[in-house]
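This report describes selected features of one protein chain. Please keep the sequence and the structure in view while reading.

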Amino acid sequence: MKFTLSWLHDHLETNAALEDILYALTDLGLEVEGVEDRAEKLGAFRICRVIEASQHPNADKLRLCRVATYPDGPGTAMVEVQVVCGAPNARTGLVGVFAPVGTHVPGTGVDLKPGVIRGVESNGMPCSERELELSDSHDGIIELPDDAPLGARFVDWKGLADPVIEVKVTPNRPDALGVRGIARDLAARGLGVLRPMPDVGVTGSFTSSIGVRIDDALKAKGCPLFAGRVIRGVRNGPSPDWLQARLRAIGLRPISALVDITNFFTIDRNRPLHVFDAVKVKGDLRIHPATGGETLLALDGKTYALAAGQMLISDDRGPESIAGIMGGEPSGCTEATVNVFLESAYWDPITIAAAGRALKINSDARYRFERGVDPAYTLPGLEAATRMILDLCGGEASEVVMDGAVPDTARAYRLDAKRVVSLVGMDIPAPEQVRILEALGFCVDGDMATPPSWRPDVQGAADLVEELTPGQARARV
């Protein structure tokens, strides 16, 4: 599970240092596997200006550039360097990003050295986005606004000085597959305050043109709840820079605003979603077991044959999605999509795991559904994603359509404060035990504790004790 420090701060109000956060995560059982600090990787790249760009005397496709650099930062002495550049947009006056001699360029793996290109000296280089691993774009060098501060570190100006943290999440902690779940654990630990979730309910203004129906055979086990709504009149262009940067930081490739939004909620709230191009859906959506032999061209470009019993989402034309695992190409969203059907469902973990293994499909959705997402967040997640789509893509939302119901996960176990002390080996006062559990989302009534809907791993009184380990109960940072 990867996330950036600023992403964590979206959910956790804290002044704790990065080192304290990393220590607490490992102590809580979320072992830190690595930290990537892009401020270190990109710290040598500074904002520069091309003083003059002229034709290379010995090459038609190369430009000879005089570049103004400020190696000691803004307001310091300017140093002019000569650079040979093949970018088609290299021109006089361009403000860009410069890598001096000695810089390691992460996108190419090259350590820059002084060179001679077609008989002309070249020292350093203006960079493209691909060379800085910001995107796959390599059509030209980065162009910045004219008022970008010359000499400033590009990583600071762009807001990329944001450590990427990777933690190992054990199979029994699916709630930690969302940034909010990790923030909740840290808040209970005492490293800050969990920020409240905003109320983002959306009132539909028309009736959905697409209905949904779950076959009775799947309601008891397979798909207890399926919900969605049409959002019409959207603009599915590139997502905003902040969203693209956040996804790229954790290794995901931005695709389009609609798809990026669903990926955001997968990581942010452990709430996988799916979007269908509503124009391509014929009739209503039916969630049903495959009879065997159905095929679907999935979004990964591969065609899969379904075995009997594996779950499908189909319209009047046929299969449109491998339920809870991967959507299909026939109803996938493109830049031309203007009407979308947004899906939020709860899928049985065992059923999803069995189908995923049999089909040999690995996806973020399967990874989370087979471990267990929060069933109670199915509808709130739909509302939150609807709000983001409306904010970023425009459009108008329909009323929600749904079949099934939120599974009842209510259960309670006796909290024996004395037993906690004897098993943990620490004198954790009873009020502190209650405080920790309530901070983790448990409801404590007298000596009975009810786990929250996002904690399927808590199945007995002994599991309550695990929540009160020294990792949670030690002195506050």
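## A covered helix

In this predicted model, the buried residues of helix α5 are Val 179, Arg 180, Gly 181, Ile 182, Ala 183, Arg 184, Asp 185, Leu 186, Ala 187, Ala 188 and Arg 189. The helix spans residues 179-189, and eleven of its eleven residues are buried, so that α5 is described as mostly covered. Gly 190 follows α5 and has a positive phi, near 105 degrees.

Leu 186 illustrates the surroundings of this helix. Apart from its neighbours within four places in sequence, Leu 186 is in contact with Leu 8, Leu 12, Ile 21, Ala 24, Leu 25, Leu 28, Leu 191 and Gly 192.

## Packing of α2 against α5

Two packed helices are described by the angle between their axes and the distance between the axes. For α2 (residues 18-27) and α5, the angle is about 100 degrees and the axes are 10 Å apart. Angles of 65 to 115 degrees count as roughly perpendicular, and α2 and α5 are therefore roughly perpendicular to each other.

On the α2 side, the residues in this contact are Ile 21, Tyr 23, Ala 24, Leu 25 and Asp 27; on the α5 side, they are Ile 182, Leu 186 and Arg 189. Sorted by class, the contact has six nonpolar, no polar and two charged residues.

## Two nonpolar cores

In soluble globular proteins, nonpolar side chains tend to be buried together. The largest nonpolar core here has 51 residues, of which Met 1, Phe 3, Leu 8, Leu 25, Val 167, Ile 182 and Leu 186 touch the most other members. Helix α11 (residues 378-393) supplies the largest share of this core, with seven residues.

A second core, separate from this one, has 37 residues. Among them are Leu 285, Leu 306, Met 326 and Ile 352.

## An open sheet

In what order do the five strands of the open sheet stand? The order is β15-β18-β21-β22-β23, and the pairing is mixed. The edges are taken by β15 (212-214) and β23 (326-327); each has a single partner strand, so one side of each is left without a neighbour in the sheet.

At one of these edges, β23 pairs with β22 (residues 319-322) in the antiparallel sense, over two bridges. Met 326 in β23 is the bridge partner of Ile 322. Met 326 also belongs to the second nonpolar core.

## Residues in loops

Two residues that are not glycines have a positive phi. For Glu 133 the value is about 60 degrees, and for Asn 270 it is about 55 degrees. Glu 133 is placed in the loop between β12 (125-126) and α4 (154-157), whereas Asn 270 is found in the loop between α8 (257-269) and β17 (274-277). Is each of them buried or partly exposed? Glu 133 has 43% relative accessibility and therefore counts as partly exposed. Asn 270 has 5% relative accessibility and therefore counts as buried.

Glu 399 lies in the loop between β25 (396-397) and β26 (401-404), and at 44% relative accessibility this residue counts as partly exposed. Glu 399 and Gly 204 are 195 residues apart along the chain, yet their C-alpha atoms are separated by 4.0 Å. Leaving out residues up to four places away in sequence, Glu 399 touches Gly 204, Phe 206, Thr 207, Ser 208, Gly 228 and Arg 229.

Notes: Residues are numbered from 1 along each chain as its sequence is written. This is a predicted model: local features need pLDDT of at least 70, side-chain atom pairs count only at pLDDT 80 or more; totals for chains, interfaces and linings use all residues. Side-chain values use heavy atoms; hydrogens and water are left out. A nonpolar core is a set of buried Ala, Val, Leu, Ile, Met, Phe, Trp, Tyr and Cys residues joined through side-chain atoms within 4.5 Å. Buried means under 20% relative accessible area, exposed over 50%, partly exposed in between (1.4 Å probe, protein chains only). Helices (H or I, at least four residues) and strands (E, at least two) are DSSP runs, numbered from the N terminus. Contact means heavy atoms within 4.5 Å. Two strands pair if DSSP finds at least two bridges between them. Axes are lines fitted to C-alpha atoms, for helices over the stretch in contact, and angles run from 0 to 180 degrees between N-to-C directions. Angles under 35 degrees count as roughly parallel, over 145 as roughly antiparallel, 65 to 115 as roughly perpendicular and the rest as oblique. Ala, Val, Leu, Ile, Met, Phe, Trp, Tyr, Cys and Pro count as nonpolar, Asp, Glu, Lys and Arg as charged, and the others, Gly among them, as polar.
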